[in-house]
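The following exercises concern the structure shown below. Attempt each task before reading its solution.

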Amino acid sequence: MDKKDIISTMPDDIISNILSRLTIKEVVRTSILSTRWRYQWTNFSGVLNFDRSLKTFGLGRKHRVGLVRKCTEFVSEWQVFMGGLEYVLNSLKSPSMQELRICIDMGNPGKIVEWVKFAAEKEVSVLELDFSNHFNETFFEISETIRNELLLPSINYFQIKSLRVLRLASVDVSGEVVQYFLASCPSLETLFVRELKLLVSLTISGQALRLKHLELVKCKILYLHISIESLITFSCYGNDGTIHFENVPNLVEASFGGEYCSFLQKHMGTTNLFMLISQLNVLKLELSVSDQFIRSNLKLAELEWKDNLKCDYPNLKELEVSGYRGDLSQNELLINIFEKAPNLNKIVVDPLSSYHVDKSPDVKAMIRKWHHETTIWVVDGLEAHVPSSVDLLVL
């Protein structure tokens, strides 16, 4: 019986289809299958996912390993990662790519513009650059001095007309750069920005915008103006700057956490956001945003919540809370919402807080697993106040 080398005789279109269903790491490994497959991976056009965040997070938790050894290991892995990333990007021949995702602590200031240019040339639909720091050691405070800047003059000739999702974390950009991306990426539907130190003022408005999802995390925004008819979801985890909503008729989901949620607690009588909340289907609130505010001013917090929760929430169907500890002010707030939301059918309690919001999805999943049982124990005290028609779930 003749043995046929089926792998080597496959048509190019079938090989291309197979490669498009694999990760970039799996695709590169196919080069050993046969001589014909040796360079087939360079035609890959799928999702480019380069992520070292979880391994870096794990390195930071090696308590028995000395600091010098951790630093040496980090630098060594960073160099290997960058070398592999550079080799793959320079080798790919496909004219288009689905996604480009690069997640590595401290980033690489000299390569950011090059990566954005690659995304533009390959017409990616998703671009994510995440240079967050997952270390706690004092040595890695040096990351605060590393500026991964993306300045307008360096990108003002790039246009990514196919871009639908843009995520930037620990990449320093100004409001002008964000507005440039919005103007030059007409298909953009999701914008996520985190820890952008240069972003202090931002206006997002325009009938031509197709933006549906906007998330701002740990930014130093002092003024934010939003007027987008297409906007469906909005999230803000950060400082207590001014947020002005002008025209958001389709907004049905909103999340508030960090210092801004504390700002809401203290200024409910002067903010119009609770009128906005009345149109929402899903509301997410972080409760434990300020130990001093919640623990030392419980009675004041309770009165402010009760006095200012004057709106009804007839459209609210799902409420998600994080940082729940069973404090009096927290229970008072939640009970008031229960009473004013007749169509509420689901309450989700998330063990995470705004401290964890800058972590990668893998790291978040790990932290949720660690705190799951403790959160269930605390939530038992809330269950008696939850209407029988409402499902209570702990992530």
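A residue is called buried under 20% relative accessible area, exposed over 50%, and partly exposed in between (1.4 Å probe, protein chains only). Helices (H or I, at least four residues) and strands (E, at least two) are DSSP runs, numbered from the N terminus. The model is predicted: local features need pLDDT of at least 70, side-chain atom pairs count only at pLDDT 80 or more, and totals for chains, interfaces and linings use all residues. Residues are numbered from 1 along each chain as its sequence is written, and side-chain values use heavy atoms, with hydrogens and water left out.

**Exercise 1.** Determine how many residues of helix 7 are buried, and name them.

*Solution.* Step 1: helix 7 covers residues 175–184. Step 2: the buried residues are Gly175, Val177, Val178, Tyr180, Phe181, Leu182 and Ser184. Step 3: because 7 of the 10 residues are buried, helix 7 is largely enclosed by the rest of the structure.

**Exercise 2.** Describe the sheet that contains strand 8.

*Solution.* Step 1: two strands pair if DSSP finds at least two bridges between them. Step 2: 3 strands form an open sheet in the order 6-8-10, with parallel pairing. Step 3: strand 6 (201–205) and strand 10 (242–245) are the edge strands, each pairing on one side only. Step 4: strand 8 (residues 223–227) pairs with strand 10 over 4 bridges. Within this pairing, Leu224 stands opposite Ile243 of strand 10.

**Exercise 3.** Which residues of strand 1 are on its covered face, and which are on its uncovered face?

*Solution.* Step 1: in a regular strand the side chains alternate between the two faces of the sheet. Step 2: in strand 1 (residues 47–51), Leu48 and Phe50 make up the covered face, whereas Val47, Asn49 and Asp51 make up the uncovered one. Step 3: strand 1 pairs with strand 2 (residues 99–103) in the parallel sense over 5 bridges. The bridge partner of Val47 in strand 2 is Glu99.

**Exercise 4.** Explain why Cys236 does not form a bond with Cys219.

*Solution.* Step 1: a disulfide is a pair of cysteine sulfur atoms within 2.5 Å. Step 2: the closest cysteine sulfur to that of Cys236 belongs to Cys219 and is 8.4 Å away, so the distance is too far for a bond. Step 3: the structure as a whole holds 0 disulfides. Step 4: Cys236 is buried, with a relative accessible area of 7%; Cys103 also counts as buried, at 2%.
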